[in-house]
Each structure stands twice: as structure tokens, then as C-alpha cells.
There are 2 protein chains.
Amino acid sequence: MKPDALRGHLDALLLATLDGRQLHGYAIIEALQQVSGGALDLPTGTVYPALRRLERAGHVVSDWSTVGGRKRRTYRLTQAGQKALHAERSAWREFTTVIDGVLGGGGKWAQT
Amino acid sequence: MKPDALRGHLDALLLATLDGRQLHGYAIIEALQQVSGGALDLPTGTVYPALRRLERAGHVVSDWSTVGGRKRRTYRLTQAGQKALHAERSAWREFTTVIDGVLGGGGKWAQT
DNA sequence: CGCTATATGTAGGGTCGCTACTTATGAACG
DNA sequence: CGTTCATAAGTAGCGACCCTACATATAGCG
């Protein structure tokens with residue numbers, strides 16, 4: 001998959017991954033690898049800044065914890081984040097519908 | 001639809017619009033408006049540079065013509081463009097499958 | 001003549017994911 | 001004890017690319 005096809009959809013992935021549970025950054029990356037069957041292998045330089053953006057936007061909050069001497073910043077959705085996730089899902093459906101309409105067309109552009 | 005959700009998918013739209021016919025830039029914009037029911041209203045500053053990129057890449061070629069005193073640069077797909085369109089369609093299917101898998105999940109993230 | 005639709009184009013900016021690098025700890029291995 | 005690897009978080013800077021705004025030109029209408 002080309003690198004930045006994700007442009008504009010990364011937030012949705014992160015919010016969805018945090019839906020119903022709390023995870024730290026590293027775990028989010030691993031979770032995305034798993035659910036995508038390895039197709040999504042996001043570098044830390046992509047995920048950490050994105051999480052901070054989401055926190056600045058008020059969509060997630062973070063707590064520090066220390067597990068086995070290692071610091072973990074654990075994120076979870078806020079109510080605004082839940083709302084944002086809902087909005088992202090709608091936007092995604094609309095987006096795919098529009099693009100599918102252009103790409104698929106049903107069989108060429110067939111003006112009926 | 002947020003403006004640059006298109007990021008990385010614009011080429012696919014343009015190639016698909018030119019599939020099986022030849023159009024000039026302005027007509028491409030109108031065609032995309034029509035097939036998307038108005039959801040896609042691309043500014044000329046987006047489309048024209050994109051078409052030149054595609055031409056540099058060898059995916060389309062252009063011919064000048066004058067219709068009613070107005071100059072038109074008419075584009076059509078090359079064989080490489082056809083191939084690229086095919087690749088874009090596959091990439092799009094893969095992309096949506098992956099993102100759908102994360103966003104939909106089937107009902108939360110349900111680790112089975 | 002002025003205004004709108006048609007038609008193409010350039011300049012500059014801003015976003016955002018990526019590459020590459022840094023820092024730090026615990027565990028395993030010799 | 002020292003080296004290396006996995007875990008964990010982070011920053012700096014780059015580059016692609018879509019957008020806003022503007023420039024240019026003609027045809028047609030009032």
C-alpha cells in the first residue's frame with residue numbers, strides 16, 4: 001500500500017483502535033498490525049505525533065504509568081473523541097461511496 | 001467531504017474519468033461533479049496541475065484543439081495509463097478493505 | 001462596454017505522514 | 001560486566017500534493 005494513502009484517515013484508525021479500550025502508543029501500532037493482517041505497519045514517527053494532535057484536539061486523553069520500569073503513556077477516548085469517531089466513520093462511508101461510484105461506475109462510465 | 005481526503009486518490013479519479021473517452025480539463029471537472037452527484041467539486045488549481053503530473057508520468061497524452069474560438073487541451077489515456085488505472089483500482093480495493101477492517105471490525109474490536 | 005460562462009494556467013502555502021535519529025530501561029547471553 | 005535486542009516514547013526535517021487566490025483569454029448577452 002502506497003505510504004500516504006492514509007492521508008486524512010489516520011485519525012479515524014487511531015480513534016477506532018482506542019474505541020472501548022485504553023492502549024499506549026506502541027500497543028496501538030501492534031493492534032493495527034494485527035487487525036490488518038500486517039498491512040498496516042505504522043512507524044512511531046507517524047503515530048506519536050498523531051496521538052499528540054488528537055490530544056490537543058481533545059479527542060483523547062493520556063495517563064502516565066510505569067510498568068516494569070518502562071514508562072507508558074496510555075490513551076483513551078474522550079466523549080468528544082467518541083463523537084469524532086462517529087463522524088469519521090460517516091465521513092469514511094461517504095468518501096468510499098463517492099470514490100467507488102467514480103472508479104467502479106458499474107462497468108465503464110455508462111451514461112444511462 | 002473534507003477537502004483533502006482525496007490525498008493520494010486523485011490520480012485514480014482522473015484516470016477513471018478518462019477511461020474509454022477523451023475529455024479536456026474543464027469537462028473532467030464537470031464529469032466528476034455529475035457522477036458524484038455534486039460531492040466532488042474539484043477546483044481548477046487541483047485538476048490542471050494533476051493532469052500535467054499524469055502527462056509527465058506518461059499516463060495520459062494531450063492534444064490541442066480549438067472549438068468555438070476556445071482552446072481545449074484534450075486528454076486521453078495511454079496504455080501505461082490504462083495499466084496505472086488498473087493498479088489504482090486494485091490499490092483502492094485493498095485500501096478500503098484494510099480501513100474497513102479497522103473501522104468496522106464487525107462490532108467493536110472483538111478479539112476472537 | 002460590462003458581466004457571465006467557458007477554459008487553462010501559475011504561485012504560494014499548509015498539512016501531515018514518513019525517514020532518520022535520539023533517549024531510556026529490562027532481559028538475555030556470553 | 002558488557003553487549004545486544006525488545007520495548008517504549010519522542011523530535012527534526014523533508015517532501016508530496018491539494019488548496020486558495022489570482023491571471024489570462026474568448027464568446028455571448030444585454
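**Contacts with DNA strand D and a helix pair**

Author: In this predicted model, the side chain of Arg70(A) has an N or O atom 3.4 Å from a base oxygen of DNA strand D.

Reader: What makes the approach of Arg70(A) to a base oxygen of DNA strand D a polar contact?

Author: A polar contact is a pair of N or O atoms within 3.5 Å. The pair of Arg70(A) is 3.4 Å apart, so it counts.

Reader: Which atoms of Arg7(B) and Arg73(A) face DNA strand D, and how do you know that these pairs count too?

Author: For Arg7(B), an N or O atom of the side chain is 2.4 Å from a base oxygen. For Arg73(A), a polar backbone atom is 2.9 Å from a phosphate oxygen. Both values are within 3.5 Å, so both pairs are polar contacts.

Reader: Which elements give two or more residues to the surface near DNA strand D?

Author: They are α2, α3 (44-56) and β3 (70-77) of chain A, and α3 (44-56) of chain B. By class, this surface has 9 charged, 9 polar and 8 nonpolar residues.

Reader: What share of the atoms of DNA strand D within 4 Å of the protein belongs to sugar or phosphate?

Author: The share is 66%, and the rest belong to bases.

Reader: Why is α1(A) called roughly perpendicular to α2(A)?

Author: Helix α1 (residues 10-17) and helix α2 (residues 25-35) of chain A pack at about 100°, with axes 10 Å apart. Angles of 65 to 115 degrees count as roughly perpendicular, so the term applies to α1(A) and α2(A). Leu13(A), Leu14(A) and Thr17(A) of α1(A) make the contact with Ile28(A), Ala31(A) and Leu32(A) of α2(A).

Terms used: Residues numbered from 1 in each chain as written. Chains lettered and ligands numbered in written order. Predicted model: local features only at pLDDT ≥ 70, side-chain atom pairs only at ≥ 80, totals over all residues. Heavy atoms only, no water. Axes fitted to C-alpha atoms, helices over the stretch in contact; angles between N-to-C directions. Helix = DSSP H or I, 4+ residues; strand = E, 2+ residues; numbered from the N terminus. Parallel < 35°, antiparallel > 145°, perpendicular 65-115°, else oblique. Contact = heavy atoms within 4.5 Å. Near = heavy atom within 4 Å. Polar contact = N/O pair within 3.5 Å; in protein donor to acceptor, adjacent residues only side chain to side chain. Nonpolar A, V, L, I, M, F, W, Y, C, P; charged D, E, K, R; others polar.
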